[in-house]
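Thanks for coming. I will go through one structure this morning, and you can follow along on the screen.

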Amino acid sequence: MKINKLFLFLAGAGLLFTSCEKDELNTSAQEETLSVTSEVPESVLQKIAALHFNPKGAEVGKIMLPGGGFEKTYIVEGDIALNADQLNNMSSSNIQDKQYRTFNLVSNNKTIDVIGYTGGSQALTSKQRTALQYAINNYNRLNIGLSFTLTFGTDYSPYDIVVYQTINGEAGGVAGFPSDGNPYKFVQIYDGMEQYSVDTNEHVMTHEIGHTLGMRHTDWFSRQSCGQSGEAAGSDGAVHIPGTPTGFDSTSIMLACFGANEDGEFNGNDITAFEYLY
């Protein structure tokens, strides 16, 4: 997940914007993290489509890691990071029967250790730290086989998930899907979130952590939350989670776009989805 350009949409009475960010693949570390450098090759677009993700708008990118390194990736559906290994190893046959998920999930009955990064310019702000604690509380209140710990610091190597800030003036965040039974490690939160409430920051963090556990966008099929009416995604584009609706769920925390005044909490269908999976 990674593209977070602040798209503003007027939907009903609310101001909505994408929870995604933008990155690049083939640039030097000195170049701006979010500038697009090249088009996604047709062969990669075909792989994205074969995995039932929407290839429209896919971008070549690189994620700035805590400490200043970079990871090459492709950004799809606005805020989802897919690297070459995942494109090659995620199985399209694994996609079957809304809430929606991938078949890349975290091994159940384990503890997920999360660290909020506190180093240099990528340190979480005080507001973001509070929001991250709230987000972790959201997951620990679920009746699931996963439990979560949270600490703050700079030595993120032993942790399962590191949440950190990216300086780009935008609002939103980016993360990716699990691999080998482990959550995606890196959750970027854009510094533009500082102008929004703790609850809206909590929403974005809870959403991005949801991706690291295998959750897809609730409205992947239409991106209705972003003011769109539909996308060219196949009808089998994600794995439906039994017990959740197949239509637009306007209050799901896993919608593709979020509003400026979110409460940061799971709705009933979000809870059903996670408790079904884990």
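The secondary structure of this protein comes to five helices and 13 strands. Before going further: what you see is a predicted model. The protein has 278 residues, and 55% of them count as buried. About 10600 Å² is exposed, with carbon and sulfur atoms supplying 47% of that area.

Let me start with the sheet. Eight strands form an open sheet with mixed pairing, and the order across it is 3-4-5-10-11-9-7-8. At the edges are strand 3, residues 59–64, and strand 8, residues 146–153, each of which pairs on one side only. On average, neighbouring strands in this sheet are turned by 30 degrees against each other, ignoring direction.

Now a walk through part of that order. Strand 4, residues 70–76, pairs with strand 5, residues 80–82, in the antiparallel sense, over three bridges. Within that pairing, Ile75 has Ala81 of strand 5 as its bridge partner. Ala81 also has a bridge partner in strand 10, namely Gly176. Which way do strand 5 and strand 10 pair, parallel or antiparallel? They pair in the parallel sense, over two bridges. One step further along, strand 10 and strand 11 pair over two bridges as well, but in the antiparallel sense. There, Val174 is bridged to Gln188 in strand 11.

Strand 10 deserves a second look. Both of its faces are covered. Gly173 and Ala175 are on one side, Val174 and Gly176 are on the other, and all of them are buried.

What lies across this part of the sheet? Helix 4 does: it lies across strand 5, strand 9, strand 10 and strand 11. Its angle to strand 10 is about 20 degrees. Helix 4 covers residues 198–212, which is 15 residues, and spans 21 Å from first C-alpha to last, close to the 21 Å expected at 1.5 Å a residue. Why call helix 4 largely enclosed by the rest of the structure? Because 13 of its 15 residues are buried, where buried means under 20% relative accessible area. After the helix comes Gly214, with a positive phi near 105 degrees.

On to helix 3, residues 126–140, where I picked two residues. Ser126 is found in this helix. With a relative accessibility of 60%, Ser126 counts as exposed, since the cut-off for that is over 50%. Its C-alpha is 9.5 Å from the C-alpha of Glu194, and the two residues are 68 residues apart along the chain. Thr130 is also in helix 3. Thr130 is partly exposed, at 30% relative accessible area. Thr130 and Val198 are likewise 68 residues apart in sequence, and their C-alpha atoms are 7.1 Å apart in space. Val198 falls within the residue range of helix 4, 198–212.

Next, the cysteines. How many disulfides does a search of the whole structure find? One. As a reminder, a disulfide is a covalent bond between the sulfur atoms of two cysteines. Here the bond joins Cys226 to Cys257, with an S to S distance of 2.0 Å. Cys226 sits in the loop between helix 4 and strand 12, and Cys257 sits in strand 13, so the pair ties together parts that are 31 residues apart in sequence. The torsion about the S-S bond of Cys226 and Cys257 is about 100 degrees, so this disulfide is right-handed. Are these two cysteines buried or exposed? Cys226 is buried, and so is Cys257.

Last item, backbone angles in two loops. Asn109 has a positive phi of about 55 degrees although it is not a glycine. Asn109 is found in the loop between strand 6, residues 100–101, and strand 7, residues 110–117. At 67% relative accessibility, Asn109 counts as exposed. Asp180 is the other one: phi is near 55 degrees, a positive value in a residue other than glycine. Asp180 is in the loop between strand 10 and strand 11, the pair I described as antiparallel. With 77% relative accessibility, Asp180 counts as exposed.

That is what I had. I will leave the structure up on the screen for anyone who wants another look.

Terms used: Residues numbered from 1 in each chain as written. Predicted model: local features only at pLDDT ≥ 70, side-chain atom pairs only at ≥ 80, totals over all residues. Heavy atoms only, no water. Helix = DSSP H or I, 4+ residues; strand = E, 2+ residues; numbered from the N terminus. Expected span 1.5 Å × (residues − 1). Buried < 20%, exposed > 50% of the residue type's maximum accessible area, 1.4 Å probe, protein only. Areas by Shrake-Rupley, 256 points an atom, 1.4 Å probe, with all protein chains shown as cover. Pairing = 2+ DSSP bridges. Axes fitted to C-alpha atoms, helices over the stretch in contact; angles between N-to-C directions. Contact = heavy atoms within 4.5 Å. Disulfide = S-S within 2.5 Å.
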